[in-house]
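Colleague: I would like a close look at a single part of this model. Please keep it brisk.

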Amino acid sequence: MKGTVGTLPCSAAERGHQQMVREQYTTTTPGTSLERPKNEYVYKIGIYGWRKRCLYLFVLLLLIILVVNFSLTIWILKVMWFSPTGMGHLRVTKEGLRLEGESEFLFPLYAKEIHSRVDSSLLLQSTHNVTVNARNSNGEVTGRLNVGPKVVEFHGQQFQINSKDGKPLFTVDENEVVIGTDKLRVTGPEGALFEHSVETPLVKAEAFKQLRLESPTRSLSMDAPRGINIKAQAGNIEALSQMDIKLHSSDGVLLLDAETVRLPKLPEGTRGGSSISQGLYEICVCPDGKLYLSVAGVGSTCHEYSRVCQ
């Protein structure tokens with residue numbers, strides 16, 4: 001049984017006209033021989049010629065780029081020491097980032113906590129300065145520590161140094177400076193210079209060293225509500241003044257307790273006539289409290305030598 005299914009229009013530009021191609025389909029029963037119809041025209045399906053060569057060249061170029069990229073990726077992973085736990089000396093742990101060795105930061109570093117290993121110290125180094133800033137939730141700087149080549153500056157409301165037990169050792173604010181140590185030691189050759197008053201329970205020199213309290217241009221005053229104790233266990237106590245030295249007690253007495261009390265430069269009283277001194281004198285007191293010496297006699301001779309009080 002033969003039949004015509006249909007016609008398909010086809011255009012060929014190189015021939016300039018249209019042709020109709022018929023395709024015949026034959027169906028037979030089993031055991032019947034068929035003759036294959038001959039096609040007048042054969043069309044090749046695919047890419048041929050220079051298009052095929054360009055396609056192969058493009059695929060080869062993509063393959064080369066893929067191999068180069070893969071090689072560069074492997075090389076970068078090897079050079080940067082990438083691993084499942086980090087990159088190079090940088091390790092990612094549960095506690096954060098762990099960086100071993102020396103590292104250089106070209107831009108600001110933001111971190112909540114920075115600490116070194118247990119067996120090593122933490123070193124922060126810069127060619128210009130090292131600045132540590134503390135900011136609040138609004139981004140404003142509340143504290144700043146600047147370590148420069150010539151000066152160390154701190155900007156904040158309060159500066160405090162604590163011991164390992166949390167005890168304040170040194171505290172500075174706008175109102176006062178508090179030193180919480182048991183002892184403050186000044187080792188400079190010129191000592192310590194205070195422009196205003198100093199409050200302390202004890203001023204003590206080192207062993208076998210002299211203690212000197214001096215006010216070159218002003219007065220030196222020592223006040224205490226329960227008394228002042230000046231003691232030199234292995235030396236002398238000297239009080240030198242250009243003008244006067246006053247020892248004043250409002251409610252008590254002035255006690256000089258010693259085996260010998262010497263007043264070597266007391267003026268010697270005089271009288272109208274000449275007198276013969278045997279090397280013995282008595283101490284006399286003028287009405288204004290001035291002390292003077294008079295030649296000792298059988299009785300008091302203070303009235304005879306009282307011209308020094310005039």
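Which residue takes a positive phi in the hairpin of S7 and S8, and how many residues lie between the strands? Please build out from there.

Modeller: The residue is glycine 139, with a positive phi near 85°. The hairpin of S7 and S8 has 5 residues between the strands. Keep in mind that this is a predicted model.

Now the strands themselves. S7 covers residues 130-135, and S8 covers residues 141-147. They run antiparallel, joined by 6 bridges. One pair to look at is valine 130, which stands opposite valine 147 in S8.

S8 also pairs with another strand. That partner is S9, residues 152-155. S8 and S9 run antiparallel too, with 4 bridges between them. Here, arginine 144 has histidine 155 in S9 as its bridge partner. S8 and S9 form a hairpin as well, with 4 residues between them. So S8 is joined by bridges to S7 and to S9, by the pairing criterion of at least two bridges.

A general point helps when you follow side chains here. In a regular strand they alternate between the two faces of the sheet.

Now step back to the whole protein chain. Its secondary structure comes to 1 helix and 14 strands. Of its 310 residues, 5% count as buried. The accessible surface is about 30900 Å². Carbon and sulfur atoms hold 55% of that surface. Take the contacts with a separation of 6 or more: residues 24 or more positions apart account for 12% of them.

Technical notes: Residues numbered from 1 in each chain as written. Predicted model: local features only at pLDDT ≥ 70, side-chain atom pairs only at ≥ 80, totals over all residues. Heavy atoms only, no water. Helix = DSSP H or I, 4+ residues; strand = E, 2+ residues; numbered from the N terminus. Buried < 20%, exposed > 50% of the residue type's maximum accessible area, 1.4 Å probe, protein only. Contact = heavy atoms within 4.5 Å. Areas by Shrake-Rupley, 256 points an atom, 1.4 Å probe, with all protein chains shown as cover.
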